[in-house]
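User: I'm new to this structure and would like a close look at one part of it. Could you walk me through it in plain words?

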Amino acid sequence: MNPQKSFNPNRLNGPIHPRAPFRLAAGFAAALSAALPSLVPAAAAIQEAGDQLLEISQGIRITVETGGKIFLEVRPLPGDGFSHFALRYTDSLETWKEIRKWSDDPAPIVGRFYRIPLELLKPQFRYFALRKIFPGDRPSGSGWIHVVGEGQYPPGRESLWRIAEWFTGEGDRFRELSRANQVPDLIVRRGQEIRIPEKILLPLFSPTGRVGANGLLHFGRDEEGKFARYRLKVGEALYSAVVIQFTGRVEGDEVNRVATVIARRSGIQDVTRIPVDYMVKIPKELLTDQYLPAGDLDRIGNELRQAEIESVRISARSGNLKGVYVILDPGHGGIDVGTSYNGVRERDYVYDIMCRIKRKLEATTSAQVFTTVKDRKTGFAVSDSRKVRRNGDGAILTTPPYLHKDPNLRAVAVNLQGSYPLPGSGTAAIRSSTRGPNLRASSPPSMSISALTSAAVSGVRSAAS
């Protein structure tokens, strides 16, 4: 079946076409023929005896066939076509045709694994697969070192052609590897170290591909392990410029704890007197993914899993929000008053805003509204006087409800935010604050509570549409 003129990813399955043969220099064909991969597509992800299998997650794995062909194998999500694999794991929609060749199924079937050849993968996923298969490979000052016969690859199946194809993207560059490593007979032997010069390496294998955060961070290792280096600039502080920016910590206690760890690792005695251009060491395990090097295996593994997660979308389309559950979280309650100034407590205002949003949603939509907390004295009553009533008797609506009165558990009622999956429906979540639910920090501070309530309800409608 040919692709339809109107684009429909679920129908892009396509016909099976013969694979074009590799073109080899005539003088080397005999030497390489035994090492070339099988050119005949197999049935969808059928494991053969002797195949090497590396599990990444329940829906993703790396397979090395006994013949030496390397695949990323993935399970489809409901509604997936081969085009979804192309969009998720390769750089071109057109690769769906090639992916389709490696399956006997006309369309992906949920529960089965489907193969994507190594050469089609996005650069970071290709790099990830090769690093997992060959964990003993390493960077060198002038390129990359590949150790023959080590790792999860069939013995006797490696060749200069394959090594060139893996690390430079072009098998034809085996001649350059032959000259650089003085291997005139093209035969590689177990334990031999093959150097791939930096000028022909794929970017992620080169030193420039291992610098993170657009050059802000550089990576090294000391006796305590791997770390990122960052030079403090004029006016920067350890807490905001390093801890909050690179580790993602925002809660006061966590920021202080991480700052202490970084200061000790960096040899900083006084965090208030750090000189400009001081080299700060940040333990690698504290960094958020976005600041890890592009070629970091932890980062790429998370990207692989995230590609799968982001493909799952809960969609609820209803102008009146019928079938939609909304969970409202005021962010503070009970003994946790939030910010307090001149007798005004953040807790009381965000709770009142939450109650207004709840009342308006229930009056104007068909959504089912839940809250994370409830004041035992006032319930969900809205305060219509000029002074907002105190709501200090808040209970967290667990089962059974938890009365938040313990001063040592200040944060227990904070950050109950996110999407809460409920059976058979989409879910929207709103967290209130003194700036208003889901409004940017730049929102006018003088915005009325009525306007905040209307904005929140509009946001719920938008999220569910």
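Which order do the strands have in the open sheet of 3 strands, and is the pairing parallel or antiparallel? And once that is settled, please take me on to helix α7 and what it packs against.

Analyst: Happy to. Keep in mind that this is a predicted model.

The open sheet runs in the order β15-β16-β17, and its strands pair in the antiparallel sense. Strands β15 (373-375) and β17 (402-403) sit at the edges with a single partner strand each, so each has one side with no neighbour in the sheet. Take the pairing of β16 (residues 394-396) with β17: it is antiparallel and goes over 2 bridges. If you want a spot to click on, try Ile-396, which stands opposite Tyr-402 of β17.

Now for helix α7, which covers residues 238-247. Its buried residues are Leu-238, Ala-241, Val-242, Val-243, Phe-246 and Thr-247. Look down the helix axis and you'll find these buried residues within an arc of 155 degrees, so they line one face of α7. What do they pack against? The partners are β9 (225-231), α8 and β10.

Let's start with α8. Two packed helices are described by the angle between their axes and the distance between the axes. Here, α7 and α8 (residues 252-266) pack at an angle of about 100 degrees, with axes 10 Å apart. Angles of 65 to 115 degrees count as roughly perpendicular, and the two helices are therefore roughly perpendicular to each other. On the α7 side, the contact is made by Leu-238, Tyr-239, Val-242, Val-243, Ile-244 and Thr-247, while α8 brings in Val-255, Asn-256, Val-258, Ala-259, Ile-262 and Ala-263. Sorted by class, that makes 10 nonpolar and 2 polar residues, with no charged ones. Just past the end of α7, you'll meet Gly-248, which has a positive phi of about 80 degrees.

Next comes β10, residues 279-283, and the residue to look at there is Pro-283. Is Pro-283 buried or exposed? Its relative accessible area is 3%, so Pro-283 counts as buried. Leaving aside residues up to four places away in sequence, Pro-283 touches Lys-226, Phe-227, Val-261, Ile-262 and Arg-265. You've already met one of these, Ile-262, in the contact between α7 and α8. There's also Ala-228: 55 residues separate Pro-283 from Ala-228 in sequence, but their C-alpha atoms are 6.4 Å apart in space.

Technical notes: Residues are numbered from 1 along each chain as its sequence is written. This is a predicted model: local features need pLDDT of at least 70, side-chain atom pairs count only at pLDDT 80 or more; totals for chains, interfaces and linings use all residues. Side-chain values use heavy atoms; hydrogens and water are left out. Helices (H or I, at least four residues) and strands (E, at least two) are DSSP runs, numbered from the N terminus. Buried means under 20% relative accessible area, exposed over 50%, partly exposed in between (1.4 Å probe, protein chains only). Contact means heavy atoms within 4.5 Å. Axes are lines fitted to C-alpha atoms, for helices over the stretch in contact, and angles run from 0 to 180 degrees between N-to-C directions. Angles under 35 degrees count as roughly parallel, over 145 as roughly antiparallel, 65 to 115 as roughly perpendicular and the rest as oblique. Ala, Val, Leu, Ile, Met, Phe, Trp, Tyr, Cys and Pro count as nonpolar, Asp, Glu, Lys and Arg as charged, and the others, Gly among them, as polar. Two strands pair if DSSP finds at least two bridges between them. The arc is that of the directions from the helix axis to the C-beta atoms.
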